[in-house]
Amino acid sequence: MLSEVPDLPGIGWTEPTGEAGAARWHSESGLPAPKRVIVADDRMKADKAYRLACEGTALLWRGDYQGARQLLKALGRRLDRLAPKPGSTPAETFHRHRQARGHRARVLGMLLVVLEEDHALDLRRAPDVREACAQAYGPAQGRTVVSLRELLGVIGAHEWRKKGVEMPAAGGRIHPHYGVFSPIRGEYVDLVAEAPLPAPARLTTGTAFDLGTGTGVLAAVLAHRGLGRVVATDSSPRALACARDNVARLGLTGRVEVVDDGALYPPGRAALVVCNPPWLPARPTSAVEQGVYDPDSAMLKAFLAGLADHLEPAGEGWLIISDLAEHLGLRTRQELLDAFGTAGLRVVDRHDARPRHPRASDPGDPLHTARAAEVTSLWRLAPA
Ligand SMILES: C[S@@+](CC[C@H](N)C(=O)[O-])C[C@H]1O[C@@H](n2cnc3c(N)ncnc32)[C@H](O)[C@@H]1O
C-alpha cells in the first residue's frame with residue numbers, strides 16, 4: 001500500500017549565481033527526487049524542455065506561473081504524439097496504455113515549483129495555493145519542491161471540494177477531498193439508492209456497513225434510505241477525514257459512524273453490507289489511484305471472504321462493481337462468480353446500469369471500446 005504522504009529525501013540544485021539550493025521533495029506518486037535539476041524560466045523553449053525532461057533532467061521553474069502552465073501543455077502535446085498502438089488483446093492495449101500514462105506522468109513531472117515555508121507559490125502571476133496545499137498536504141513542513149502537474153491536481157481538487165457534487169440520493173452535496181474517490185459517476189450511487197432493501201435493513205433499528213467509504217456517499221445514501229445506523233470504514237486516512245466531513249455537513253453525525261481501526265469490517269453484524277471496491281485488478285501508482293486499482297483484487301476478495309460472518313439472518317451484501325475489468329481481459333465473469341462460490345455466497349439478484357460519464361463516448365480514448373461496453377452492477381449476495 002502506498003503511503004499517503006511519502007516521506008522522501010530532499011532535492012538539490014545549483015542557482016544561476018552558483019549557490020547551492022535545497023528543499024524537501026514531495027511526490028504523491030512516490031517518485032524519487034530527480035537527480036539532475038536545472039533552474040529554468042520563460043526563456044526555455046518547449047522542444048528543449050521536452051528533450052531535457054525525457055532525458056531525466058528536471059526544470060525548477062522560476063519564471064511566470066502562466067508560462068509554466070503553457071510549457072506543461074506544450075510538453076503534453078508532444079507526448080500526445082506518442083499515443084500507443086492498440087495491442088493484440090484488450091489486456092495488452094490496457095497494459096500499453098498504462099505504460100504510456102506512466103511515461104507521460106514521469107516526463108510531465110519534471111517541471112517543478114517551490115512551495116515556500118507557508119505553502120505559498122512565489123512566482124509571477126501565481127494564484128494563492130496555500131489553502132489548497134494545506135488541505136491536500138496538511139500543515140507546511142518547510143520549503144518543498146513538487147511537480148507543477150501535481151500542484152495543478154491539488155488546485156483542481158480544492159475547487160471540487162469547495163463546490164461539491166450534487167447527490168440528491170445522499171440528501172445534499174458531497175464534497176470530495178484531494179486523493180479521495182469522487183462519485184462523479186452517479187449511476188452506481190443510483191443503484192444503491194434504488195435496489196430493494198433486505199427485510200432486516202427496512203427496520204429503523206437496521207444496521208449497515210459501508211466498506212471503503214471514500215467520500216462517505218454510499219453511507220449517506222443508506223442513512224437517507226432510513227437505515228438506523230451505518231458504520232463506514234476505509235484504509236485511507238484522507239477518505240476517513242472526507243467521509244466525516246460529509247457526514248457532518250449532511251447532518252448525519254449521529255447515524256453514520258466513520259471508524260478508523262484499520263480493519264475492513266467493523267466488529268459485529270449488519271443487515272446490509274455495501275462495498276464498492278476499486279474496479280480494476282492492477283497496481284495503483286499514486287495515492288489518488290487507490291480508489292481505482294485494487295492489486296490482485298485484494299479488497300474484493302476480503303469483502304467476499306468476510307461477508308457471511310458479518311451478516312445478520314436474512315441480511316445481504318451488495319457488491320458494486322463494473323465489468324470494465326472483464327472487457328479489458330483483466331478478470332473473467334467466471335472468476336468473479338467462482339469468487340462468490342469460494343466465499344460460500346449465492347447471488348440473490350443483480351441490478352445493472354450503463355455509465356453516463358462522458359469518457360464512455362470518447363472515441364479518442366484507447367480504452368474506448370471497453371468503456372463503451374461497460375456495465376456497472378449491484379450484486380445482491382447472501383450466504384449460500
Ligand atoms: C471505488 S472507491 C469507493 C468509494 C465510495 N464507497 C464510493 O462508492 O464512492 C474504493 C474505496 O476503497 C478504499 N479501499 C481500498 N482498499 C481498501 C482496503 N483494503 N480496506 C479498506 N478500504 C479500502 C479506497 O481508499 C477507496 O476509498
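The legends below describe close-up views of a predicted model.

**Figure 1. Overall view of the predicted protein and its dimensions****.** The protein contains twelve helices and 15 strands. Its radius of gyration is 23 Å, close to the 21 Å that the globule rule gives for 384 residues, so the protein is as compact as a globular protein of that length. Taken along the principal axes, the C-alpha atoms fill a box of roughly 75 × 50 × 30 Å. Buried residues account for 37% of the 384 residues, and, among contacts between residues at least 6 apart in sequence, 67% join residues that are at least 24 apart.

**Figure 2. The contact between domain 1 and domain 2****.** The domain assignment divides the protein into domain 1, covering residues 8-160, and domain 2, covering residues 165-383, and the C-alpha centres of these two domains lie 33 Å apart. Domain 1 brings 17 residues to the contact, and domain 2 brings 15 residues. On the side of domain 1 that touches domain 2, at least two residues each come from α3 (90-108), α4 (130-137) and α5 (148-163), with α3 giving the most, namely six residues. Sorted by class, this side of domain 1 consists of ten nonpolar, six polar and one charged residues.

**Figure 3. Surroundings of the ligand****.** The ligand is surrounded by 20 residues, of which Gly212, Gly214, Ser235, Ser236 and Asn276 are the closest. When the residues of this shell are divided by class, nine are nonpolar, ten are polar and one is charged.

**Figure 4. The largest nonpolar core and a second core apart from it****.** The largest nonpolar core holds 64 residues, and within this core Val192, Ala208, Ala219 and Ala220 touch the most other members. Helix α7, which spans residues 217-224, provides the largest share of this core, with seven residues. Apart from this core lies another, made up of 32 residues that include Ala49, Ala68, Val154 and Ala157.

**Figure 5. Helix α7 and the contacts of Ala220****.** Helix α7 is mostly covered, since seven of its eight residues are buried; these buried residues are Val217, Leu218, Ala219, Ala220, Val221, Leu222 and Ala223. Leaving aside residues up to four places away in sequence, Ala220 touches Ala170, Gly171, Asn246, Val247, Leu250, Leu252 and Val256. Ala220 is also one of the residues that touch the most other members of the largest nonpolar core. Just after α7, Gly226 adopts a positive phi of about 110°.

**Figure 6. Trp379 and its neighbours****.** Trp379 belongs to strand β15, which runs over residues 376-383. Because 22 other C-beta atoms lie within 10 Å, and 20 or more are required for a residue to count as buried, Trp379 is buried. When residues up to four places away in sequence are not counted, Trp379 touches Leu319, Val347 and Arg350. Glu312, which is 67 residues from Trp379 along the chain, has its C-alpha atom separated from that of Trp379 by 18 Å.

Methods
Residues numbered from 1 in each chain as written. Predicted model: local features only at pLDDT ≥ 70, side-chain atom pairs only at ≥ 80, totals over all residues. Domains from an automatic or database assignment. Contact = placed C-beta atoms within 7 Å. Helix = DSSP H or I, 4+ residues; strand = E, 2+ residues; numbered from the N terminus. Nonpolar A, V, L, I, M, F, W, Y, C, P; charged D, E, K, R; others polar. Buried ≥ 20, exposed ≤ 12 C-beta atoms within 10 Å, placed from the backbone. Rg over C-alpha atoms; globule rule 2.2 N^0.38 Å. Near = placed C-beta within 6 Å. Core = buried A, V, L, I, M, F, W, Y, C linked by C-beta atoms within 7 Å.
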